[in-house]
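The exercises below ask you to work through a fold step by step, with the coordinates open beside the text. Each task is followed by a worked solution.

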Amino acid sequence: MASEETIPIIVEFTGGLEMLFSDERKHRLAVPAKDSKGNAVTVGWLVDYLCEEIMKDNRKEMFVLDGHVRPGILVLINDADWELEGEASYALQPNDNILFVSTLHGG
């Protein structure tokens with residue numbers, strides 16, 4: 001039986017990404033502690049969840065490309081570059097702050 005335990009996290013979008021998420025910059029979420037296979041939820045899981053459950057815009061390719069966060073989007077986990085934390089494999093912890101910053105600018 002799946003656990004109903006959740007993890008409170010904050011997800012923020014800046015640099016124009018907030019327009020894909022109902023123009024809301026900060027989202028306080030309670031996500032499952034475990035994925036459907038019983039593993040700890042990761043940032044990679046969170047990206048899929050954001051696309052499926054939170055994003056109301058149809059332009060998902062502006063956030064995700066080939067199943068990964070689009071190049072040009074910085075991801076910070078508690079103010080540290082996600083490359084230092086294991087990128088998409090980082091297991092979410094209670095009260096984590098995940099920030100997505102678009103560095104892409106249309107011309």
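Helices, of at least four residues, and strands, of at least two, are taken here as DSSP runs and numbered from the N terminus. The model is a predicted one.

**Exercise 1.** Determine which pattern the helix and strands follow along the sequence, and then examine how compact the protein is.

*Solution.* Begin by counting the elements: the protein has 1 helix and 7 strands. Reading these along the sequence gives the pattern β-β-α-β-β-β-β-β. Next, take the radius of gyration, which is 13 Å and thus close to the 13 Å that the globule rule gives for 107 residues, so the protein is as compact as a globular protein of that length. The box filled by the C-alpha atoms, when taken along the principal axes, comes to roughly 50 × 30 × 25 Å. Finally, consider the contacts between residues at least 6 apart in sequence, of which 58% join residues at least 24 apart.

**Exercise 2.** Work out the order of the strands in the open sheet, and explain why strand 2 and strand 6 are each left with one side without a neighbour.

*Solution.* The open sheet consists of 5 strands in the order 2-1-7-5-6, and its pairing is mixed. Strand 2 (26–32) and strand 6 (80–81) stand at the edges and have a single partner strand each, so one side of each lacks a neighbour in the sheet.

**Exercise 3.** Establish in which sense strand 7 pairs with strand 1 and with strand 5, and decide whether strand 7 is mostly covered or uncovered.

*Solution.* Take strand 1 (residues 6–14) to start with: its pairing with strand 7 is parallel and extends over 5 bridges. Along this pairing, Val 11 is found opposite Ile 98 of strand 7, while Thr 14 is found opposite Val 101 of strand 7. Turn then to strand 5 (residues 73–77), whose pairing with strand 7 is antiparallel, over 5 bridges; here Leu 76 faces Leu 99 of strand 7. For the cover, apply the cut-off of under 20% relative accessible area for a buried residue: in strand 7 (residues 97–102), 5 of the 6 residues are buried, and the strand is therefore mostly covered.

**Exercise 4.** Describe the burial, the exposed surface and the charged side chains of the whole protein.

*Solution.* Of the 107 residues, 36% count as buried. The protein exposes about 6,500 Å², and carbon and sulfur atoms supply 49% of that area. Counting charged side chains gives 9 positive and 19 negative ones, with the centres of the two sets 4 Å apart.

Conventions: Residues numbered from 1 in each chain as written. Predicted model: local features only at pLDDT ≥ 70, side-chain atom pairs only at ≥ 80, totals over all residues. Heavy atoms only, no water. Rg over C-alpha atoms; globule rule 2.2 N^0.38 Å. Buried < 20%, exposed > 50% of the residue type's maximum accessible area, 1.4 Å probe, protein only. Contact = heavy atoms within 4.5 Å. Areas by Shrake-Rupley, 256 points an atom, 1.4 Å probe, with all protein chains shown as cover. Lys, Arg positive; Asp, Glu negative; His and termini not counted. Charge placed at Lys NZ, Arg CZ, Asp CG, Glu CD. Pairing = 2+ DSSP bridges.
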